[in-house]
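Colleague: I am new to this structure and should be grateful for a guided reading. May I put my questions to you one at a time?

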Amino acid sequence: MKLKNISINFILIFSSIYIPLILFSFFNTFQNTLINKKWNQKKSSDKISAVNSGYLPTFNPSIISLNINPPPVYPIGSLPNTPTYLCDEGYGLITYHSDRFGLRNSDLNWDNIYNQSNIFVIGDSFVHGACVEENATITRNIERLTKQNTLNLGMSGNSPYEYIAILKSIIKPIINNTKQRNKVVMVFYANDNVEYIKEKEKLLFSSSSIIDSLNGKKVSPKDYYIRKITEFIKTNYPQSKRGIMSEIQKKEKKKFKDQPFYQIISLYPIRLRLGFLNLLNKPPSTKNSNKTSTKKSISSLSEICKSSCTPIIAYIPNSPFLYPIMDVKEYKRHLKEISMQNGIEFIDGEDVIDKNDLNNYSPKGPHLSISGYKKIATYISAKLKKYK
């Protein structure tokens with residue numbers, strides 16, 4: 001009898017708490033489902049229009065390198081010299097024309113590299129410019145503020161593995177072939193704290209220069225690199241309008257965890273507001289720091305820039321509401337500590353980006369807003385100006 005009463009009391013207490021929460025989740029999810037459905041339809045429609053106009057999707061190096069049979073070279077960018085669409089987080093679908101390396105630059109930025117001081121910016125989607133127009137990206141803001149040629153070496157999905165590949169295949173050969181003093185900024189984000197990835201370690205081990213310098217005057221990618229990357233992408237990913245459109249429509253299909261029923265019973269709207277969304281996705285510990293790809297990337301930057309370039313590490317904070325991640329404080333501390341050990345200046349983006357202010361982030365996603373990008377670029381530029 002006593003056990004029965006305890007059970008009844010437990011059920012009553014649980015119900016009195018859970019039922020109001022689930023009702024809130026129901027109405028919130030129902031409302032958001034209608035809004036998101038229209039938003040997703042618009043994004044898909046815009047991508048299909050872009051494909052019909054001759055644009056291709058961005059083929060990210062981080063995905064290519066994880067393929068069962070990756071190309072024999074570590075990918076740096078997407079398809080070179082190609083009309084490319086990126087993403088939409090409230091500012092419209094972003095499109096650009098990729099440069100000779102498949103990166104997001106005006107191709108002219110690569111000319112005359114050896115006869116001037118340049119700023120190379122390495123990073124992930126934030127450096128790539130997700131999801132803003134070209135003149136609002138970190139690199140173009142830095143270029144305006146410093147009056148120096150600035151190269152965007154960022155791609156969506158990049159991690160410290162890609163950062164090391166960029167250092168080995170692009171930065172090092174350029175630095176070794178010029179008398180100019182260049183600056184290299186490596187930008188980290190909270191999700192760069194990645195686990196050991198066997199496939200990437202193996203591919204990274206064999207990576208080397210992809211620069212084909214003509215008399216030390218012009219920077220171009222080696223024909224072998226372009227041929228292998230282009231062949232791989234065209235073999236493994238759809239290139240026809242029909243094939244690309246089919247992929248766009250496939251991505252519209254929701255996984256179980258994205259379905260309204262799951263979001264309601266799991267109290268997704270409440271967890272989102274409280275910043276508990278991804279608390280179960282605990283990132284790898286930085287205690288064994290000697291083994292982390294983050295430490296390797298910073299050490300590689302330090303080694304390459306020993307006497308011929310100025311290295312800087314920058315950190316962009318995540319929004320705890322839009323992209324909650326555990327142990328971000330530990331990871332930032334780790335970044336700062338490793339930077340100091342290697343004698344590299346560490347720029348903490350939280351000095352200018354209030355991660356609790358949603359105005360610093362895009363209207364429809366976790367990346368920075370136009371004003372947020374300007375703040376971080378202005379802060380980095382001020383630090384860069386100290387170094388002649």
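Colleague: Is Phe126 buried or exposed?

Modeller: In this predicted model, the relative accessibility of Phe126 is 2%. The limit for a buried residue is under 20%. Phe126 therefore counts as buried.

Colleague: Which kind of aromatic pair do Phe126 and Tyr189 form?

Modeller: Phe126 lies in helix 3 (residues 125-128) and Tyr189 in strand 6, 63 residues apart, and the pair links distant parts of the chain. Tyr189 counts as buried because its relative accessibility is 3%. The ring centres are 4.4 Å apart, with 40° between the planes. The pair of Phe126 and Tyr189 is classed as tilted.

Colleague: Which residue forms one aromatic cluster with Phe126 and Tyr189?

Modeller: The count of aromatic pairs comes to 5, and Phe126 and Tyr189 form one of them. These two residues also belong to one aromatic cluster, together with Tyr323.

Colleague: What is the angle between the ring planes of Tyr163 and Phe188?

Modeller: Tyr163 in helix 5 and Phe188 in strand 6 are 25 residues apart, and their pair links distant parts of the chain. Tyr163 is buried, with a relative accessible area of 0%, and Phe188 is buried as well, with 1%. Their ring centres are 5.5 Å apart, and the pair is edge-to-face, the angle between the planes being 80°.

Colleague: Which helix gives the most to the largest nonpolar core?

Modeller: The largest nonpolar core has 62 residues. Trp110, Ile122, Leu153, Ile170, Ile171 and Ile174 have the most contacts inside it. With 10 residues, the helix that gives the most to this core is helix 5 (residues 160-175).

Colleague: How many residues does the second, separate core have?

Modeller: This core is separate from the one just described, and it includes Ile138, Leu368, Ile376 and Tyr379. The number of its residues is 24.

Colleague: Which residues does Ile170 touch, not counting those up to four places away in sequence?

Modeller: Ile170 is among the residues with the most contacts inside the largest nonpolar core. With the residues up to four places away left out, its contacts are Ile76, Phe101, Leu103, Trp110, Ala165, Ile210 and Ile211.

Colleague: In what order do the strands of the open sheet stand?

Modeller: The sheet is formed by 5 strands, and the pairing is parallel. Strand 5 (149-154) and strand 10 (345-348) are the edge strands, each pairing on one side only. From one strand to the next, the twist averages 20°. The order of the strands is 5-4-6-9-10.

Colleague: Which residue of strand 9 is the bridge partner of Met186?

Modeller: Strand 6 (residues 182-189) and strand 9 (residues 309-316) pair in the parallel sense over 8 bridges. In strand 9, the partner of Met186 is Ile313.

Colleague: What angle does the direction of helix 12 make with that of strand 10?

Modeller: Helix 12 (residues 328-341) packs on the sheet, where it touches strand 6, strand 9 and strand 10. Its direction makes an angle with that of strand 10 of about 155°.

Colleague: Which helices do the buried residues of helix 6 pack against?

Modeller: Helix 6 (residues 198-205) has the buried residues Lys200, Glu201, Leu203 and Leu204. These residues pack against helix 2 (61-64), helix 5 and helix 11 (293-304).

Colleague: With which residue does Glu201 form a salt bridge?

Modeller: Glu201 in helix 6 has its partner in helix 11, 95 residues apart. Glu201 is buried, with a relative accessible area of 18%, whereas the partner is partly exposed, with 34%. The closest N and O atoms are 3.2 Å apart, and the partner is Lys296.

Colleague: Why are Glu337 and Arg333 separated by about one helical turn?

Modeller: The structure holds 16 salt bridges, and the side chains of Glu337 and Arg333 meet in one of them, at 3.1 Å from N to O. At 34% relative accessibility, Glu337 counts as partly exposed, as does Arg333 at 42%. The separation is about one helical turn because the two residues stand in helix 12 at a spacing of 4 residues.

Colleague: Which residues are joined into one network by salt bridges that share partners?

Modeller: A further salt bridge joins the side chains of Glu350 and Lys355, at 3.9 Å from N to O. The network is made by salt bridges with shared partners, and its members are Arg104, Glu134, Arg140 and Glu143.

Definitions and conventions:
Residues numbered from 1 in each chain as written. Predicted model: local features only at pLDDT ≥ 70, side-chain atom pairs only at ≥ 80, totals over all residues. Heavy atoms only, no water. Core = buried A, V, L, I, M, F, W, Y, C linked by side-chain atoms within 4.5 Å. Buried < 20%, exposed > 50% of the residue type's maximum accessible area, 1.4 Å probe, protein only. Contact = heavy atoms within 4.5 Å. Pairing = 2+ DSSP bridges. Axes fitted to C-alpha atoms, helices over the stretch in contact; angles between N-to-C directions. Phe/Tyr/Trp six-rings, centres within 6.5 Å; stacked < 30°, edge-to-face > 60°. Salt bridge = Lys/Arg side-chain N within 4 Å of Asp/Glu carboxyl O.
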